[in-house]
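Reader: I like to see how a label follows from a number. Could you take me through this structure that way?
Author: Gladly; here it is, and then we can start with the words for exposure.

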Amino acid sequence: MNNTDILPLRLGVGIILLNNKNKVFVGKRIDNQEGNYWQMPQGGVDKNENFLEAAKRELEEETGVKTIKVIKEIDGWLTYDLPNNLLGKIWGGKYRGQKQKWFIMKFIGKNKEINIKTKHPEFLDWKWIDTKDLPKVAVNFKINIYKKLSKQLAFLNLT
């Protein structure tokens, strides 16, 4: 048994934010500047916080976005494990990865509402991309989650 078997998964949420053309918001992470990796807003769940409230809070903390309509909570959980080089460095070394509840939300505001220069910025840049391109922009250990989410989006009638 190694450390990854002992460490628990961190409880988290993720947000698929769609614009009026059904493109997905992704941000380029400040803490991973070596690669061209982008991710959707995501984060931890506070004690006694429900998942939808956590998702709305994380979305606002990371992007400034408040003007949304919740479309759907994705059934089940999506999980990922951190690669060995990040174990012990992220989340104070307490977790081996994340177990996430994902939400699809429609952004009904204007792009000027988006502000990644937040109190604790996580993104250097942001853009809207096609849903099918999600797996192409994800960091390696999140590719499987982004593939599953991309498939979920393909089955929804988003018009």
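Author: A residue is called buried under 20% relative accessible area, exposed over 50%, and partly exposed in between. Keep in mind that this is a predicted model.

Reader: Thanks! Why is Arg96 called partly exposed?
Author: Arg96 has a relative accessible area of 22%. Buried would need a value under 20% and exposed one over 50%, so Arg96 is partly exposed.

Reader: What makes the contact of Arg96 and Asp81 a salt bridge?
Author: The cut-off is a side-chain nitrogen of Lys or Arg within 4 Å of a carboxyl oxygen of Asp or Glu. Between the side chains of Arg96 and Asp81 the N to O value is 3.3 Å, so the pair meets the definition. Arg96 lies in the loop between β6 (78-81) and β7 (97-107) and Asp81 in strand β6, so the salt bridge ties together parts that are 15 residues apart in sequence.

Reader: And is Asp81 buried or exposed, or something in between?
Author: Asp81 counts as partly exposed, since its relative accessibility is 45%, and exposed would take a value over 50%. One more number for this residue: Asp81 and Thr63 are 18 residues apart in sequence and 25 Å apart in space, C-alpha to C-alpha.

Reader: How many salt bridges are there in the whole structure?
Author: A search finds 12. One of them joins Arg57 and Asp46, where the closest N and O atoms are 3.5 Å apart. Arg57 belongs to helix α2 (residues 51-63), while Asp46 sits in the loop between β4 (42-44) and α2, so this pair links parts 11 residues apart in sequence. Asp46 is partly exposed at 43% relative accessibility.

Reader: How do you know that Asp130 and Lys132 form a salt bridge?
Author: Their side chains meet at 3.5 Å, N to O, and the definition asks for a value within 4 Å. The two partners get separate labels: Asp130 is partly exposed at 30% relative accessibility, whereas Lys132 is exposed, with a relative accessible area of 54%. Both are part of a network of salt bridges that links Lys23, Asp130, Lys132, Asp133 and Lys136.

Reader: Why is Asn22 called buried, and why is Asn48 called exposed?
Author: Asn22 has 18% relative accessibility, and the limit for buried is under 20%, so Asn22 is buried. Asn48 reaches 76%, and exposed means over 50%, so the label for Asn48 is exposed. Asn22 is placed in the loop between β1 (9-18) and β2, and Asn48 in the loop between β4 and α2.

Reader: What is the phi of each of these residues?
Author: Phi of Asn22 is near 60 degrees, a positive value in a residue other than glycine. Asn48, not a glycine either, has a positive phi of about 65 degrees.

Reader: What makes β2 and β8 a strand pair?
Author: At least two bridges are needed for a pair. Strand β2 (residues 24-29) and strand β8 (residues 123-129) are joined by six, running antiparallel. Val24, for instance, has Ile129 of β8 as its bridge partner. β2 also pairs with β3 in the antiparallel sense, over two bridges, and there Lys28 stands opposite Trp38. Strand β2 is mostly covered, with five of its six residues buried.

Reader: Which residues lie nearest the centre of the largest pocket?
Author: They are Arg29, Asp31, Gln39, Ile90 and Lys142, out of 23 lining residues. The space in this pocket is about 380 Å³. β4 gives the most to the lining, with three residues. By type, the lining divides into 10 nonpolar, six polar and seven charged residues.

Reader: Finally, how do you know that the chain is as compact as a globular protein of its length?
Author: The radius of gyration is 15 Å, close to the 15 Å from the globule rule for 159 residues, so the chain is as compact as a globular protein of that length. Its four helices and eight strands follow the pattern α-β-β-β-β-α-β-β-β-β-α-α. Buried residues make up 44% of the 159, and the C-alpha atoms fill a box of roughly 50 × 35 × 35 Å along the principal axes.

Definitions and conventions: Residues numbered from 1 in each chain as written. Predicted model: local features only at pLDDT ≥ 70, side-chain atom pairs only at ≥ 80, totals over all residues. Heavy atoms only, no water. Buried < 20%, exposed > 50% of the residue type's maximum accessible area, 1.4 Å probe, protein only. 1 Å grid on protein atoms, 1.4 Å probe; cavity = no way out; pocket = protein on both sides within 12 Å on 5 of 7 lines; lining within 4 Å. Points joined across faces, edges and corners; volume = space filled by probe spheres on them. Nonpolar A, V, L, I, M, F, W, Y, C, P; charged D, E, K, R; others polar. Rg over C-alpha atoms; globule rule 2.2 N^0.38 Å.
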